[in-house]
Amino acid sequence: MQKASWRTCNHTEELAIQHPADEKLQEKAWGAVVPLVGKLKKFYEFSQRLGKGLLGALTSTPYSPTQHLEREQALAKQFAEILHFTLRFDELKMTNPAIQNDFSYYRRTLSRMRINNVPAEGENEVNNELANRMSLFYAEATPMLKTLSDATTKFVSENKNLPIENTTDCLSTMASVCRVMLETPEYRSRFTNEETGNGGRHNTL
């Protein structure tokens, strides 16, 4: 599995905090953090669409979970890629506290700029209401996995005419398939080759 990194601007933020009267440092830190918050916004918005529609297509009657996975291989592959992304994103988030630090700095600075009636570039992109929702999202240890879990629970509760076993069996069947693939040397080596095929470059959010 490739290493992933978050291009933080912690050093610039620290300098700006240590020298609050230095306008150039304040502008530099703000200019550095706004694009990062824009990225966090995109991931948050993606999380709100996570898995929508796929579970319905993979669990509808009259087919069994195995039949669904055989008949809807493209959808099953897409769902597997969503699960893979979910785990990779949460791994990055857990190992990079700078993500939350950058967002906290953004919110503190935005609040101070409002108090001082200073126009804030980037506020239109992430307003206070959205920032509150994003803050709750990134406060979770594994935000993407929790969102996916909540979406699955909501799907089950909103589709009471669909036997719950259809959903649980679909997920457990996919998990079993993934386990077999990881336990098979041929498949495992193929995954390793695909992950290292980019010349060893790190994934960067």
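How many aromatic pairs does the structure hold? The structure, which is a predicted model, holds 10 of them, and the sections below set some of these pairs beside the nonpolar core, helix α6 and the salt bridges.

## Confidence of the model

The mean pLDDT of the protein is 78, with 75% of the residues reaching 70 or more. Among the elements, helix α7 has the highest mean pLDDT, at 91, whereas strand β1 (residues 4-5) has the lowest, at 49.

## Aromatic pairs and cluster

In one of the pairs, the ring centres of Trp30 and Tyr106 are 5.1 Å apart and the ring planes stand at 10°, so this pair is stacked. Because Trp30 belongs to helix α2 and Tyr106 to helix α6, the pair ties together parts of the chain that are 76 residues apart in sequence. Trp30 and Tyr106 are both buried.

The pair of Tyr44 and Phe137 has another geometry: the ring centres are 5.5 Å apart and the planes lie at 75°, so the pair is edge-to-face. This pair, too, links distant parts of the chain, with Tyr44 in helix α2 and Phe137 in helix α7, 93 residues apart. Tyr44 and Phe137 are both buried. The four residues named so far, Trp30, Tyr106, Tyr44 and Phe137, belong to one aromatic cluster, whose other members are Phe43, Phe46, Phe85, Phe89, Phe103 and Tyr138.

## The nonpolar core

In soluble globular proteins, nonpolar side chains tend to be buried together. Here the largest nonpolar core has 36 residues, and those with the most contacts inside it are Trp30, Val33, Phe103, Tyr106, Val126, Met134 and Tyr138. At least two residues of this core come from each of α2 (23-47), α3 (54-59), α5 (73-95), α6 (98-115), α7 (128-139), α8 (143-158) and α9 (164-183). Helix α2 gives the most, with 8 residues.

## Helix α6

The 18 residues of α6 should span 26 Å at 1.5 Å a residue, and the end C-alpha atoms are indeed 26 Å apart, which agrees with that expectation. The buried residues of α6 are Ala98, Ile99, Asp102, Phe103, Tyr105, Tyr106, Thr109, Leu110 and Met113. These residues cover an arc of only 155° around the axis, which puts them on the same side of α6. Just after the helix, Asn117 takes a positive phi of about 55°.

## Salt bridges within helices

Side chains of opposite charge can pair when their charged atoms come close. The whole structure contains 6 salt bridges, among them one between Glu45 and Lys41, whose closest N and O atoms are 3.9 Å apart. Both residues lie in helix α2, 4 residues apart, or about one turn of the helix. Glu45 counts as partly exposed because its relative accessibility is 34%, while Lys41, at 17%, counts as buried because the cut-off for that class is under 20%.

Lys77 and Glu81 form another salt bridge, with the closest N and O atoms 2.5 Å apart, and they are separated by about one helical turn because they are 4 residues apart in helix α5. Lys77 is exposed at 51% relative accessibility, and Glu81 is partly exposed at 44%. In helix α7, Glu129 and Arg133 are likewise 4 residues apart, about one helical turn, and the closest N and O atoms of their salt bridge are 3.3 Å apart. Glu129 is exposed, with a relative accessible area of 54%, whereas Arg133 counts as partly exposed at 38%.

Key. Residues numbered from 1 in each chain as written. Predicted model: local features only at pLDDT ≥ 70, side-chain atom pairs only at ≥ 80, totals over all residues. Heavy atoms only, no water. Core = buried A, V, L, I, M, F, W, Y, C linked by side-chain atoms within 4.5 Å. Buried < 20%, exposed > 50% of the residue type's maximum accessible area, 1.4 Å probe, protein only. pLDDT = per-residue confidence, 0-100. Phe/Tyr/Trp six-rings, centres within 6.5 Å; stacked < 30°, edge-to-face > 60°. Expected span 1.5 Å × (residues − 1). Arc of directions from axis to C-beta. Salt bridge = Lys/Arg side-chain N within 4 Å of Asp/Glu carboxyl O.
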